[in-house]
Amino acid sequence: MIQIYRNNQPFFALEDVCDGSKMSQQLMDHHYIVLKFSTEEPVYFEIGDSVEIADFGLFVLTSAYFPKYNETTDGYDYELQMDAYYMSWKNKICKYRPQYGANETSFKLTTSVSVHLNVVLSNLKALNYKYHNKDFSVDYTTYNKEVFDTEKRFLIEYSSISIIEALNTICETLDCEWWVDGSIIYLGYCEMNGQTTFEQGVNMLSMSQSESKSSFITRLYAFGSDKNIPSGYFSGADADVTTDGIATDYLMLPNKDVDEEGYYSKDGYIENVNVVKSDSQAIEGVVKFEDEYPKVSCVVSAIKTYESTVDNEDGTKNTATFWQVTSYDSFATNFETSWIKKGLNLMIRFESGALTGMEFEVSFKIIDKVNYFEIVANDTYGRTLPDSVMCPKISDKFHLYNWDASKITDTPLISDAQEALYARAKNYYKKSMVDNSNFTCVLDSEKFFNNGTYNYHPLGEQVKLINPLFSETDKDGKHYRNSRIIGIEIKLDIPYDSPTYIVGEKAAYSRLGQLEDKVNSITVNGLQIGGASGGGGVYIIGMNDTTPETDSNVYSARRTRNSFLSKLHPDTAQKVITFIEGLKLGDGEKGIDANGNAVLGDVQMVDAVLRRIVSLGYNGATQQGFGIVDRGDGKFRLDINDLQVWGKAVFQELEVRKLSYAGGNVYLSGSGSKIFKTEELYAEAGKLRGWRCWLLADDGTTATQNMWRVGDQARCQTFGLANKQKPTRSWWRLVTAVSEENVVLIDELGNELYDGKKFAWIEIAKDNCELGSDVPMAGDTIVLDGNQNPNERERQGVMILETTGANTPRIVAYKGVVGYTHEGCEVFYLSPQGSRIVSTSFEWVSPTGDIIHIVNYRGEWQSGVSYGYYDQVSHGNGVWLCTNINGSTTEPKEGNADWQLVMKAEKGEKGDDGVAYQVMITSDTGTVMINGSGKMTLNATLLRNGEDISDTISNNSWSWWRQSADAEDDAVWNRLHEGVGRSCLITRDDVDRQAQFGCRVYISDTKSINSK
């Protein structure tokens, strides 16, 4: 969601933007976003409305905007352009000292870059422009890299220009760039540390070249100024030079032989033999350097001043200060009036000090036999100078011009100036012979996506472009060119969709230097170079010419006809043609898009190899249209709603599926569904509160009710998923709302989806859930597992057939599930590891209808304990069974109708020695075991005259016997249990319907005691 603000308050929320919304930025040119969207009713935006977009910054509406009415939709379409916050400065005039209430909009100022920028900052402060409540500041050192002299004073004429234009003017004068990052205004060369790589076919889809912004020159005619050049000095054999038809004496290049780099100069031009191998390859250009001329630097040694009354233009008079400077250098001391060129005023130019770069007319005077140069004040630099602040000082450097350099004999003054011109021209030539193009690079969307962390590149980032079209190769043999990012264009609807970067130099102005003055028309030795005719320097590439194409040469008509396809006539392409954005046919309704998807009329094919056949609007997820598609394993799947076969259908395998699971447990509960799709639900504050889950309820043949109720607990458990990171999905959440009627789903245009099938829905809570629950998703199978409504107790029970998890397979039932746990809710469970039933009674009925009672042995009887029907206890040398259907708390004894004596230990007979022996048998689980279930351990005790002497009898003296309906098997059993000790384990294998067990103890070789 994009929130637009007015006066720092939310004004308009934009849920989504349409295709065509973008952010575009180019160094010193523009920086804006375009928001494309539509509304039913018009929205009235005002200048100053703002929006801040993550990763892109703050943008402001800087001009009035009105939408377009759409007759088709009866709504309003917007392409709202909002500029970067600092671009709003274009609406404000730059004023002089606005912090003091001054409103001068036209003024001149000669000062250093810091003072010029303070003018800009004072305007921003007076207008209360801030960035996130932070005042703006400037930085002209970090990215300077010797681009300009920070101490140099220069003139700027502020002629009612905007703050943006003021920054442009400052940078044009300094031959630098400006850009804004946050609250900092930077001046310098916009190039950051570090380098990224754009490689064709790796992370770059395409690269196109834009028009060069400086001339491509291979033969350069270079001239200096005509200052201090003697009249006719270069006439005769050297050159006959005219500019625009007027004879002029310019400083010219010296004639030089080829140097080690291949450079040489003659007849006023410089070129390189490795670049120009014949006159036909020479692309000529001309440049004039106004600050290159013979000059002698002097140092101010003494200064005189005096005041005098001067007449003003309006007839008034005022007192002015006059400045006179001299130098002890030989040039100044030997200077004569006759040296001044006729018709010109002698001029002084300061090379250092407060007047650096400034020029003034001077009058030559001899005072007390000392040569002085009196400065004629002017207001060229914004105020009358010199004055008391900006004035010459001792040790300032200066030089004079408009004097005849031939007056100094026996000095290399002119030849030195020619050498300086040659060095300047050589440097210019090196820049001019390199094609200074910009390149528009479209990056690969998948690489840019970077797993959701978009791989943005900032303005000024250094780039290594790798593309076969470049001639230079790196250590890996790849063709490359180093440059930087000067422009960006990113789509706002899908930022990773073909992001575009412009790599190269800015278009605002050339970086070759403001003192490099191009000459419109110049004639050297009768040859005209340049000029308004437009023919000079343009090379024509013919039919078989292998000259590489640049922005400074052209194809001939015949070469053009044979190289490019015609728009007007039938034509044949000799090579493969790639259409990056697709191909339109006829009226444009049919064609092939960039992904190879075709919309065609009737198609007749002789042989065809197809990877995919789908209908218009095919969507497998929403079951729309039809398709024959790759299912991912090299085999294909037919997606279609109905299949009608007119002939015989032969299936190698036919699978009819009603329901399938990836694994898990079967729930038997009051409701269950499969989620078809989900939608996020938000509270008014924008916080996620839950999900609406759509459930298929009517497929056109069978309609079902929505069995879910508010308060239900919906549970999802899926096992065995292919995702190794998360092989299971599990969530258990509260149902907060349910639909009452089944509905058809429609799209935003009102079209029915999913062939008109009807759906019910439930709403699932976000926070009321089992800890660690996953998010509901389409395809989840859900069941009812508990209910939090105290009046819905019948929905709080569930039975589960478990095949996954511990102790499985298992059948388990729960009741009273009112939270996200089954603890304490078990009714019963059946498992190979054990079974348990929680019930007030249990009846077993025989095939004849008789009730088979299950005896529950409770151990030794305890006073005060309540015993149930058919509980069994040991008490008073007997085993008792509770026969009261309502249970009993009374003591088992003779005469108590609640209890039945089932076993009693009788007193043994006295032996010959007068001693009475008795064998008693007890069980750990009672005396009754139903065939086929359970087990019990019988323990025998030997009493002599009532005293337990069992520990004095060895284990091999104790033998057990069984009596059942199978006497033969009893004999075998008895032999196996002779001399086994006083304990005997009885299992279901030892009992066939009914059996009686006893124990015989051998106390001597002749005497044994048997249990009764």
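Reader: Which residue in strand 27 does Q324 stand opposite?
Author: This is a predicted model. Strand 24 covers residues 317-326, and strand 27 covers residues 370-376. Three bridges join the two strands, which run antiparallel. Across from Q324, in strand 27, stands E374.

Reader: Which strands stand at the edges of the seven-strand open sheet, each with a single partner strand?
Author: The order in the sheet is 22-28-25-26-27-24-23, with antiparallel pairing. A strand with a single partner has one side left without a neighbour in the sheet. That is the case for strand 22 (298-299) and strand 23 (302-311).

Reader: Which residue in strand 26 forms a salt bridge with R349 of strand 25?
Author: R349 is partly exposed, with a relative accessible area of 26%. R349 lies in strand 25 (residues 347-350), and its partner lies in strand 26 (residues 359-367), so the pair ties together parts that are 10 residues apart in sequence. The salt bridge spans 2.7 Å, N to O, and the partner is E359.

Reader: How many salt bridges does a search of the whole structure find?
Author: Side chains of opposite charge can pair when their charged atoms come close. Among the linked residues are R219, E271, D279 and E284, which form a network of salt bridges. The search of the whole structure gives a total of 39.

Reader: How far apart in sequence are E261 and K426, which form a salt bridge?
Author: The closest N and O atoms of E261 and K426 are 2.8 Å apart. E261 is in the loop between strand 18 (246-247) and strand 19, while K426 is in helix 4. The pair links distant parts of the chain, and the separation is 165 residues.

Reader: Is K426 buried or exposed?
Author: Its salt-bridge partner E261 is partly exposed, at 37% relative accessible area. For K426 the value is 14%. The cut-off for buried is under 20%. Therefore K426 is buried.

Reader: Which residue forms a salt bridge with R424?
Author: R424 lies in helix 4, and its partner lies in the loop between strand 21 (284-289) and strand 22, so the bridge ties together parts that are 133 residues apart in sequence. R424 is partly exposed at 21% relative accessibility. The closest N and O atoms are 3.2 Å apart, and the partner is D291.

Reader: What kind of aromatic pair do Y263 and Y429 form?
Author: Y263 is in strand 19 (residues 263-266), and Y429 is in helix 4 (residues 413-432). Y263 is buried at 3% relative accessibility, and Y429 is buried at 0%. Their ring centres lie 5.6 Å apart, with 85 degrees between the planes. Planes over 60 degrees apart count as edge-to-face, so the pair is edge-to-face.

Reader: Over the ring of which residue does the charged end of K295 sit?
Author: The charged end of K295 is 4.4 Å from the centre of that ring. The ring belongs to Y293.

Reader: Over the face of which residue does R692 lie?
Author: R692 is 3.9 Å from the ring centre. The residue with that ring is W761.

Reader: What is the relative accessible area of Q796?
Author: Q796 is in the loop between strand 51 (781-787) and strand 52 (798-802). Leaving aside neighbours within four places in sequence, its contacts include G786, N787, Y814 and K815. Q796 is buried, and its relative accessible area is 6%.

Key:
Residues are numbered from 1 along each chain as its sequence is written. This is a predicted model: local features need pLDDT of at least 70, side-chain atom pairs count only at pLDDT 80 or more; totals for chains, interfaces and linings use all residues. Side-chain values use heavy atoms; hydrogens and water are left out. Helices (H or I, at least four residues) and strands (E, at least two) are DSSP runs, numbered from the N terminus. Buried means under 20% relative accessible area, exposed over 50%, partly exposed in between (1.4 Å probe, protein chains only). Contact means heavy atoms within 4.5 Å. Two strands pair if DSSP finds at least two bridges between them. Rings of Phe, Tyr and Trp (its six-membered ring) pair if their centres lie within 6.5 Å; planes under 30 degrees apart count as stacked, over 60 as edge-to-face and the rest as tilted. A charge sits over a ring if NZ of Lys or CZ of Arg is within 6 Å of the ring centre and within 35 degrees of the ring normal. A salt bridge is a side-chain nitrogen of Lys or Arg within 4 Å of a carboxyl oxygen of Asp or Glu.
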